[in-house]
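Reader: I am new to this structure and would like a careful, close look at a single part of it. Could you choose one element, describe it, and then follow its surroundings outward?

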Amino acid sequence: MGPRSKKKAEKEAEAKRQEALLAQLELDVFGGMRRIEPGELGESEVWWSQHYQWLKDSGYLLRPRYAPDWTPSWQGTKRNWTTCEDSLPADFPSRILDGTRLSDGEYVALKRVKKTDHPHEVDIAQFFSSAPLAGEIANHCVPIHEVLPIPDEEESVLIIMPLLGDYAELPFDTIGETVECFRQLFEGLQFMHKHRVAHRDCMSRNIMVDASSLYVDAFHPVVPSMKRDYSGDARFRTRTQRPPKYFLIDFGLSRRYDHSVAKPLEVPIWGGDKHVPEFQNSNAPCDPFPTDVFYLGNAIKNDFVDSNLGFDFIQPLIADMVQQDPSKRPTMDEVVKRFDTIRAGLRSWKLRSRVVDKRESVFEGVIRGTSHWIRRIGFVARGVPAVPRRSS
């Protein structure tokens with residue numbers, strides 16, 4: 001957890017990002033460009049407003065911004081519109097939006113899926129969300145609460161899922177916290193491969209965390225550093241204090257294969273990571289399972305190994321996962337086995353050491369290091385494990 005000054009700077013940067021989003025130029029129905037003004041829904045947001053009542057009748061409530069009779073809360077007042085909760089558009093409203101399940105108040109994500117574009121997504125998502133797989137500890141596929149057919153769109157459905165957070169949105173405090181994250185991600189992809197499903201897009205943006213276990217206050221889905229009602233900073237705890245579960249999401253490019261097919265071949269489909277070696281200069285069909293290994297290895301490489309100090313212990317494994325030649329990459333079974341050996345060799349002092357950003361200044365290092373040692377002494381005194389694990 002960084003100093004307040006850093007958090008304030010991050011919040012201000014996020015506010016500017018949201019202002020830029022609201023002022024973005026968007027294609028209109030005639031192919032021209034128009035400016036989205038404060039108080040106006042973007043073209044892709046209008047769909048949600050049009051379906052607001054249907055969703056409410058189905059048991060899901062959208063934020064006030066998407067109500068058909070919405071009037072911006074700042075109109076007729078002296079309030080700055082950028083400080084108002086209902087000024088915030090969703091990040092990807094053409095595909096996904098947040099909501100609240102009326103039966104129990106749980107915050108959810110609603111994803112619009114066009115089956116003609118992604119014919120396998122719903123089936124694969126439900127496959128991992130159904131018994132007996134849904135109850136297995138190694139299953140880290142996002143659970144599906146419900147699939148709603150959209151009345152006026154025969155080929156589209158809404159997938160209802162828990163509202164998760166970007167897995168790296170909140171800072172990792174210790175090496176032990178990252179070790180547990182890696183373990184869960186390796187376990188999760190191994191589980192998918194065991195059941196002959198290739199994710200085919202398991203890059204950073206498709207790795208999420210159950211953020212509700214980390215935040216003390218309900219967080220805002222667009223600006224997680226703020227409370228859901230946008231009344232102030234959302235308080236949170238470290239992953240050592242509240243061990244979370246990590247999830248793999250988005251099965252739009254995923255494929256499931258019969259166990260009799262030892263080495264499936266698929267024509268390359270670009271996912272979010274454009275650095276996959278086998279896709280660079282060829283459209284030749286290739287085995288998607290080694291590509292998954294690259295995706296996950298490259299996510300860890302970019303998000304941890306290359307940007308922080310202290311990850312030499314996992315660098316050799318990651319280097320093998322991102323080898324140029326797919327045939328030289330380890331399988332996920334081999335990755336898990338090697339990682340278990342690595343993890344067993346890490347001592348407590350290493351696991352409790354701080355994750356240090358390479359861009360950190362000396363002053364920042366002193367401030368963060370001091371607060372880290374205070375927490376560390378307290379954890380050791382209370383016997384809190386160096387590698388946080390969920391109780392279930």
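Author: The answer below starts from one helix and then turns to its neighbours.

This is a predicted model, in which local features need pLDDT of at least 70 and side-chain atom pairs count only at pLDDT 80 or more, while totals for chains, interfaces and linings use all residues. Residues are numbered from 1 along each chain as its sequence is written, and side-chain values use heavy atoms, with hydrogens and water left out.

The chosen part is helix α5, which covers residues 175–194 and has 20 residues; helices (H or I, at least four residues) and strands (E, at least two) are DSSP runs, numbered from the N terminus. From its first C-alpha to its last, α5 reaches 28 Å, close to the 28 Å expected at 1.5 Å a residue, where the expected span is 1.5 Å times one less than the number of residues. Of the 20 residues of α5, 18 are buried, so that the helix is mostly covered; buried means under 20% relative accessible area, exposed over 50%, and partly exposed in between, with a 1.4 Å probe and protein chains only. After the helix comes R196, whose phi is positive, near 60 degrees.

One of the residues in α5 is F191, which counts as buried because its relative accessibility is 2%. When its neighbours within four places in sequence are left aside, F191 is in contact (heavy atoms within 4.5 Å) with F128, L133, E136, A138 and N139. F191 and H140 are 51 residues apart in sequence, yet their C-alpha atoms are 8.0 Å apart in space.

The contact with L133 can be followed from the other side. L133 is found in the loop between α4 (121–128) and β6 (146–149), and its relative accessible area of 6% is why it counts as buried. Not counting residues up to four places away in sequence, L133 touches F127, F128, N139, F191 and H195.

These residues can be placed in a wider division of the protein, with domain 1 made of 43–63 + 70–162 and domain 2 of 165–382; such bounds come from an automatic or database domain assignment. The C-alpha centres of domain 1 and domain 2 lie 25 Å apart, and 30 residues of domain 1 are in contact with 27 residues of domain 2. Between domain 1 and domain 2 an area of about 2500 Å² is buried, with carbon and sulfur atoms giving 67% of that area; buried area is the accessible area (1.4 Å probe) that two parts lose on being put together, summed over both. In domain 1, I124, F127 and H140 lose the most area to domain 2, and together they make up 25% of what that side buries.

The helix also meets a sheet. α5 lies across β10 and β11, and runs at about 35 degrees to β11; axes are lines fitted to C-alpha atoms, for helices over the stretch in contact, and angles run from 0 to 180 degrees between N-to-C directions. The sheet is open, with three strands in the order β8-β10-β11 and antiparallel pairing, where two strands pair if DSSP finds at least two bridges between them. Its edge strands, each pairing on one side only, are β8 (165–166) and β11 (246–248). Strand β10, residues 207–209, pairs with β11 over three bridges, and V209 has Y246 in β11 as its bridge partner.
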